[in-house]
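Student: I am new to this structure and would like to learn how to read it. Could we go through it together?

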Amino acid sequence: MKRIALFVLTNLAVVVVLGVVASLLGVNRYLTANGLNLGALLGFALIMGFGGAIISLLMSKPIAKWSAGVQVIEQPRNADEAWLVNTVHNLAQKAGIGMPEVGIFEGDPNAFATGAFRDSALVAVSTGLLQNMTHEEIEAVLGHEVAHIANGDMVTMTLIQGVMNTFVVFLSRVIGYAVDSFLRKGDDRDSGPGIGYMVTTVVLDIVLGFLAAIIVAWFSRQREFRADAGAAQLMGRKQPMINALARLGGLHTAELPKSVSALGIAGSIGALFATHPPIEERIAALQASKY
């Protein structure tokens, strides 16, 4: 319940902020007496599309800590935590990135990386993962998450999401205006938008939003293959990552918060909307790789 409330409140706050920004810049007045101002509409779409994605990226690390209940390891309290921090440190050095924060969260086997900047990211693993995997397999999982950071996947996914959001906002309103103009042909009573515009825009926001989600999910799946290969490269061999994936395939994996689920080690397998490829495909891709 806490996660749902946080998600709703965060999105509401982002929408309000973006609405204020659009109003201050004057780009929210794209419907005029003379028709649709495409320049203003594009500005509005860019602010709403990229603004939301960028704000979510900048807030990703604190939100992930709070929503997943991540306990950041400031000073290792035992040998396991010391090993975890040291392993991430070594992997980060090999990958050429700054040392990420390292944290642990309660739950079934899973892990994720998040953060807006590659030199100040967060890598978090679950207690279930630590309890059910060998050190070599955990190191492979950590390598996968460090590879996400080194590849700049958080920023890449943000840019892709921003582009998709912009197209959704822009196209839904252009088509909505065209539909409304057709339905109100010869009607001189009011120059403002009618019910046709409002209904069409809402429907297309939903439909195009689903299509955009499919594209973003496809890119997310490609990132997983790259992160798996990155883990194999960091470790110098692919078998530990294959073993880790095989073990994950036989375990119940935790559901991550929406803000970090695309960059977790394991995700839902749901066809077009899946953020992660099937475990079998990931293992096959690694087996066919050169590492």
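Tutor: Happily; what follows is a set of questions and answers about this predicted model.

Student: Which helix has the highest confidence in the chain?
Tutor: Let's begin with the whole chain, where the mean pLDDT is 84 and 85% of the residues reach 70 or more. Confidence is lowest in helix H1 (residues 2–25), at a mean of 64. Where pLDDT is low, the predicted coordinates should not be read in detail. At the other end, with a mean of 96, is H6.

Student: Around what arc do the buried residues of H10 lie?
Tutor: Helix H10 spans residues 279–287, and its buried residues are Ile-279, Arg-282, Ile-283 and Leu-286. They sit on the same side of H10, because the arc they cover around the axis is only 95°.

Student: What covers the buried residues of H10?
Tutor: Recall that these residues are Ile-279, Arg-282, Ile-283 and Leu-286. Their cover includes helix H6 (135–150), helix H8 (195–235) and helix H9 (239–249).

Student: How many residues apart in sequence are the parts that Glu-137 and Arg-247 tie together?
Tutor: These two form a salt bridge, with their closest N and O atoms 2.6 Å apart. Glu-137 is buried at 7% relative accessible area, while Arg-247 is partly exposed at 34%. Since Glu-137 belongs to helix H6 and Arg-247 to helix H9, the pair links parts whose separation in sequence is 110 residues.

Student: Is Glu-81 buried or exposed?
Tutor: Its partner is a good place to start: Arg-77 meets Glu-81 in a salt bridge, at 2.6 Å from N to O. Arg-77 is exposed, with a relative accessible area of 69%. For Glu-81 the value is 6%, and under 20% counts as buried.

Student: Which strand does Glu-101 lie in, and what helix holds Lys-61?
Tutor: Glu-101 and Lys-61 form a salt bridge, their closest N and O atoms being 3.1 Å apart. Glu-101 is partly exposed at 25% relative accessibility, whereas Lys-61 is buried at 18%. The pair ties together parts that are 40 residues apart in sequence, because Glu-101 is in strand S4 (residues 101–105) and Lys-61 is in helix H3 (residues 60–68).

Student: And how many salt bridges does the count come to?
Tutor: We have met the pair Glu-101 and Lys-61, the pair Arg-77 and Glu-81, and the pair Glu-137 and Arg-247. The count for this model comes to 9 salt bridges.

Technical notes
Residues are numbered from 1 along each chain as its sequence is written. This is a predicted model: local features need pLDDT of at least 70, side-chain atom pairs count only at pLDDT 80 or more; totals for chains, interfaces and linings use all residues. Side-chain values use heavy atoms; hydrogens and water are left out. Buried means under 20% relative accessible area, exposed over 50%, partly exposed in between (1.4 Å probe, protein chains only). Helices (H or I, at least four residues) and strands (E, at least two) are DSSP runs, numbered from the N terminus. The arc is that of the directions from the helix axis to the C-beta atoms. Contact means heavy atoms within 4.5 Å. pLDDT is the predictor's confidence in each residue, from 0 to 100. A salt bridge is a side-chain nitrogen of Lys or Arg within 4 Å of a carboxyl oxygen of Asp or Glu.
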